[in-house]
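Student: Please pick one part of this model and take me through it closely. I'd like the cut-offs spelled out as you go.

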2 protein chains.
Amino acid sequence: LLIYHREQIEQALNPPELIQSLEEGFVAYSEGRVVVPPVGHLYFDVPPGECHIKYGYMVGDDLFVIKVATGFYQNPDLGFPSSNGLILLFNQKNGSPEALLLDDGYLTDLRTALAGAIAAKHLAPREVSRIGIVGTGVQARLQLELLRSVTPCRDVIVWGRSRTKAELYKENMVRRGFSINVASQIEDIGSNCNLIITTTSSRTPLLYADQIRPGTHITAVGADGGGKQELDAELFKKSDICAVDSLKQCREYGDSSYALKNGFISEEQLIELGMLIKHSKLSRSNDDQITVADLTGVAVQDIEIAKLAFSALHGAALDEKAAISRAAEPFDLSK
Amino acid sequence: LLIYHREQIEQALNPPELIQSLEEGFVAYSEGRVVVPPVGHLYFDVPPGECHIKYGYMVGDDLFVIKVATGFYQNPDLGFPSSNGLILLFNQKNGSPEALLLDDGYLTDLRTALAGAIAAKHLAPREVSRIGIVGTGVQARLQLELLRSVTPCRDVIVWGRSRTKAELYKENMVRRGFSINVASQIEDIGSNCNLIITTTSSRTPLLYADQIRPGTHITAVGADGGGKQELDAELFKKSDICAVDSLKQCREYGDSSYALKNGFISEEQLIELGMLIKHSKLSRSNDDQITVADLTGVAVQDIEIAKLAFSALHGAALDEKAAISRAAEPFDLSK
C-alpha cells in the first residue's frame, strides 16, 4: 500500500492538465459506464458530525475508489478544520489495496473546481468581459485559478457576506495576477459580469433572474446537499441551457431541484454535463443566451481525480526510483 | 494516521482476553446501542470480484470504524489469496482518521472465531466429551484454538471434503496440543461429538437433525451470505435453543433463514446472542438440550475488534515510546 500526503499530491498534479480526463469521466458517467452505488452515511449527535462514504469505479478500469469524507462543524471552535477524509484506491482486477491518499480534502476541492472550469469551457460566452465570484473561500479561489485555462479574462468582481474576507480574497488573488474589485452589494455581480461562479453554502438564493444580463453563464457549485440553494429557481426558467452534473442527484438537491419542484422547468430541459461535452452542438450557440450549470458533485469526479493523482504520484515515484538506480550504476570505465 | 500491519496486530493481541469485550459488543448491538447502516457493495465482472464496506459505531464511543473487504475468487490461480481488505478507525468526536489496520483479514477471522467461543461459552453442555469440527480452513483452526478458554476438552474429530486437507489440519492441531481424529464420513461428527462447529462455505446442508444426539451444541459460522447453508433446516425444529447473532440478518440469510422460510421455527423462537449473554437464564438449562447458534457475522464485531486492536497497538506504541524516553533519560548522579 502506497501512502501519499497532501503536499506530495499537490506537487504531483498540474490541475489544468486534468481537465480533459475529468471531461472523459463526465462523459462516461452520462453514458452509464460508471458504477456508483448510493453514498453511505454515518451521523453523530454529540458532537454533531457526519461521515460520507462514496465509492465506485469505471467499468473496465484498473482501479476502484473509496472516498471517506467527514464533517464535524464544531471543530473550528477547537482549532481544527471541520472537514477531513481520505481516499483509497484498490485494484479492480484482484481487490488489493493499492494506495491511500491522505489529501485532507484537497482532491475534492480540486475536482469541484475542475468541474467549474469544464462548465465554463462549454457554456461561457466567447468573450468574457468580467468574471463574478460569489463567496470568498477555498472554492472561490480555486475556481478562479482554474478559469485561467478557459478564458483570458483576469478582470474579477468578488462578493462575500464578510467584507473582511472579501478584502482578504482580493489581496490573495491580486498577488496571483488577477484584477479584483470587491462588490459592495451582490447586485453588482449580475450587472457587471457575464461569467459568474457561486461557491457558497447558502441556504437562501443569492442571485435572481432579474439581475442577470443576456449572454451570461452562471455555474453554481455550492448546493451539494439538501437545503442548500444559491440561485433563485426562476433563473432556470430564464436560462436557455440548464446543465447539471447528474440528473439523478439534481432531482433531489442542488439549485435546479427547486426549479424542478416549482415546475419552472421540466426534467427534459436539464442536460448532463457529460452530454454537453460529448455533443458540442448542445452547447451555447450565440452570445445572447443565458446558461446555467448546477454542479452538485458526482462520484465519478472522485474516481477520476483519485486515479489521476495516483498515476502522477506513482509515475513520479517510479521516475525517482529509476533516477536512484541510474545514479547507483557504476560508470562504464571502458569508455 | 497510525498504520499497523498484520504481524504487529497479531503480536499485540491475546485473543482469549478479547472475549469479554466482544460479549459487551453483542449486548450493545442487541440493545440497539450500535449504529450499523446497510453494508455497501461493489461487484465486478471481469474478473469476477466483490467489495463490501461495513461501517458503524457504538453510540458514545471515541471511535468509529469502516471495514473494506474484497473477494476475488480467481486470485488463488494467480498465487494470491482471494480475500483482502483493511480497517479504518476514525475519531468519533472530530472525524479525523486515527488508524489504518492492514490486517489482511486477520481481524475478521479472529472476530468470527471469538463469536464461536462466546456461543460455546453460553450454550455448550457442562461436559464437552468431544469437539467436532467441520471444515479444515482458517476458521476450523481458529475456532478450535479459541475453544481452549471455554472448555478443557482437547479431544477432536475433524471432517473435511478433502482428506488431504483434513490430515494437514490434524498435523497442525496435534502440534498445538489437541488430540485429532479424521472422520471418514460426516456422520461420525454427530454421533461422537457434543460440541460441533461448522466452518465451511457449503451451499448444501452438511449436518442433519437425525445425526445429532441430545445434549449437543452446534455453532455454524460458514453461512455469511445468501445461498450458503451448513445445517439442515429441520435441525432448528429439533433444537431447544436457537441463537443467532443478528435477527435482522438471519431473516435474509444464514442457516436459520431456511428454517424460518420453511416455517420450521418462528422468529420468536430465535434469540440474539447479545440477549443470551445478558440474561443467563435464557441459556442452556440442562445437559439434554440440543442448542444451535447461527453466526452470520455482524458489524459490531468488526467495530469491537478494531477498537481492541487499536487500543492494544496504540498502548504498546505508547509503552515503547515511554521506554525509549526512560532509556534516554540521563542517570541521576546525585544518588
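Tutor: I'll start where the chains meet, then go on to one strand and a few single residues.

Bear in mind that this is a predicted model: local features need pLDDT of at least 70, side-chain atom pairs count only at pLDDT 80 or more, and totals for chains, interfaces and linings use all residues. Residues are numbered from 1 along each chain as its sequence is written, chains are lettered from A and ligands numbered from 1 in the order in which they are written, and side-chain values use heavy atoms, with hydrogens and water left out.

Chain A and chain B each put 36 residues into the contact (heavy atoms within 4.5 Å). Together they bury about 2,800 Å², 75% of it on carbon and sulfur atoms; that is accessible area (1.4 Å probe) lost on putting the two parts together, summed over both. Look for salt bridges across the interface (side-chain nitrogen of Lys or Arg within 4 Å of a carboxyl oxygen of Asp or Glu) and the rule finds zero. It does find six residue pairs in polar contact, both at pLDDT 80 or more. A polar contact here is a pair of N or O atoms within 3.5 Å; within protein, one must be able to donate a hydrogen and the other to accept it, and residues adjacent in sequence count only if both atoms are side-chain atoms. On the chain A side, the elements giving two or more residues are strands S3 (40–44), S4 (49–58), S5 (63–72), S6 (83–91) and S7 (97–102). Strands (E, at least two residues) and helices (H or I, at least four) are DSSP runs, numbered from the N terminus. By class, that side has 24 nonpolar, 11 polar and one charged residues, where Ala, Val, Leu, Ile, Met, Phe, Trp, Tyr, Cys and Pro count as nonpolar, Asp, Glu, Lys and Arg as charged, and the others, Gly among them, as polar.

Now over to chain B and its strand S7 (residues 97–102), where five of the six residues are buried (under 20% relative accessible area; exposed is over 50%, partly exposed in between, with a 1.4 Å probe and protein chains only). Strands pair if DSSP finds at least two bridges between them. S1 (residues 2–5) of chain B runs parallel to S7(B), joined by four bridges, with His5(B) partnered to Leu102(B). S6 (residues 83–91) of chain B pairs with S7(B) in the antiparallel sense, also over four bridges, and there Phe90(B) is matched with Pro97(B). S6(B) and S7(B) make a hairpin with five residues between them, and Gly95(B) in the turn has a positive phi of about 80 degrees.

Further along chain B, Ile212(B) sits in the loop between S11 (195–198) and S12 (217–220) and is buried, at 4% relative accessible area. Leaving out residues up to four places away in sequence, its contacts include Ile196(B), Leu207(B), Ile218(B) and Leu235(B).

Back in chain A, His122(A) belongs to helix H4 (residues 106–123) and is buried at 16%. Its side chain makes a polar contact with that of Glu23(A), at 2.8 Å. Gln289(A), in the loop between helix H11 (273–278) and strand S15 (291–294) of chain A, counts as buried at 13%. The Gln289(A) side chain reaches the backbone nitrogen of Ser285(A) at 2.7 Å.
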